[in-house]
Amino acid sequence: MYVIGLDLGGTKLSGAIFKEDGTIVKQDILPLEKRQGKEVGDLINKLVKDFLSYSDENKIAVSSIGICVPGIAYRNGNVWAPNIPGWDNYPLLEEINSVVKEKNIKVKIDSDRACYILGEVWQGSAKGCKDAIFLAVGTGIGAGILVDGKVMRGSNDIAGAIGWLALDRPFEQKYVSCGCFEYHASGEGLAKVVKELVTKNPKGILSSKSIDELTARDVFSAYDENDKNAVDTINQAIEFWGMTVANLVSLFNPEKIIFGGGVFGPAVKFLNEIMIEARKWAQPISINQVTLEGSKLGGKAGLIGAGYLALKED
């Protein structure tokens, strides 16, 4: 059996043809290059057609396609992807079916956070787990939650939007667009927090840079040089990451919580500190039953998860 996996991100589209054992037989990456709306749908269709042509030429029978999208994949096949203009309710399933309908190929679409945990179950840190969580910390924050071997989706497919976890008080208007947790501890959040600190205390390495241009990468670099504003930013993030682990452990009693996304990455070295913080808040038995790990798949978690999505029967 062969399947196609596609991983749509904010800047690029990755795709691969997988064997049933997970081996990749062909892979490609196409930049979005500021495409919007139907232009992105057309790019996906182009890659699908390219892969199907390759499969025909090499006598490979593709049975299904799995697509990982950066947002919400509704059960009717429409997609909400906030980082792709024109994808407020985009009919992606209808578009792909128009290409494959005569080949009897099944198409499945799921959110990036769901595909991340599926990828880790298939080939990564969650292999063999029935209860695990992928905590994706990049530009934003989301969680792929596996319960009893199945991805938790919620009544309207929005489960796992944990950027909106309420971890501080009082509520501030700045949390409206992204949520409290994401504001403080995502990649964008680290940049926001350090900008606030540098404005109040314009000393140290980061004060020599343009405040508007500071990024999470700058924060990690300055942290390694013991810049106070960077250290304070990371220490606050560790508290938020730790509280989140505690809340997830107390709610779901997972075997593992896997950290991935662009921030983990450089922040994977803080897993011990995150666990120390989590132990303060979590249910005391379940916190001793969980392990924290970094992703084994890195930037390929979504693509591999899309391949596994295509292979799954349910």
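## Exercises on a predicted model

The structure holds zero disulfides (pairs of cysteine sulfur atoms within 2.5 Å). The model is predicted, so local features need pLDDT of at least 70 and side-chain atom pairs count only at pLDDT 80 or more, while totals for chains, interfaces and linings use all residues. Residues are numbered from 1 along each chain as its sequence is written, and side-chain values use heavy atoms, with hydrogens and water left out.

### Exercise 1: two cysteines

Explain why Cys178 and Cys180 do not form a disulfide.

*Solution.* Start with the sulfur of Cys178: the closest cysteine sulfur is in Cys180, 8.9 Å away, which is too far for a bond. Next, check from the other side: the closest cysteine sulfur to that of Cys180 is in Cys178. Finally, look at accessibility, where buried means under 20% relative accessible area, exposed over 50%, and partly exposed in between (1.4 Å probe, protein chains only). Cys178 counts as buried at 6%, and Cys180 counts as buried at 6%.

### Exercise 2: the whole chain

Find out whether the radius of gyration of the protein chain agrees or disagrees with that of a compact globule.

*Solution.* First, take the rule: 2.2 Å times the number of residues to the power 0.38, with the radius taken over C-alpha atoms. For 314 residues this puts a compact globule near 20 Å, and the protein chain has 20 Å, so the two agree. Then add the extents: the C-alpha trace spans about 60 × 45 × 35 Å along its principal axes. Buried residues make up 52% of the 314. As a last step, take contacts (heavy atoms within 4.5 Å): among those between residues at least 6 apart in sequence, 63% join residues at least 24 apart.

### Exercise 3: two helix residues

Place Thr233 and Asn45 in their helices, and list their contacts beyond the neighbours within four places in sequence.

*Solution.* Begin with the secondary structure, read as DSSP runs numbered from the N terminus (helices: H or I, at least four residues; strands: E, at least two). The protein chain has nine helices and twelve strands. Thr233 lies in helix H7, residues 228-252, and is buried, with a relative accessible area of 0%. Its contacts, with those neighbours left aside, are Leu190, Val193, Val194, Leu197 and Val219. Now turn to Asn45, which lies in helix H1, residues 37-57, and counts as buried at 8%. Counted likewise, Asn45 touches Glu95, Ile96 and Val99.

### Exercise 4: the largest pocket

Describe the volume and lining of the largest pocket.

*Solution.* On a 1 Å grid over the protein atoms alone, a pocket is an open set of points with protein on both sides within 12 Å along at least five of seven lines; a cavity is a set where a 1.4 Å probe fits but cannot get out, and lining residues have an atom within 4 Å of a point. Points are joined across faces, edges and corners, and volume is the space filled by probe spheres set on them. Here the volume is about 1,400 Å³. Of the 48 lining residues, Asn83, Asp112, Tyr116, Thr139 and Gly140 are the closest to the centre. Helix H5 gives the most to the lining, with four residues. By class, the lining has 21 nonpolar, 19 polar and eight charged residues. Nonpolar covers Ala, Val, Leu, Ile, Met, Phe, Trp, Tyr, Cys and Pro; charged covers Asp, Glu, Lys and Arg; the others, Gly among them, are polar.
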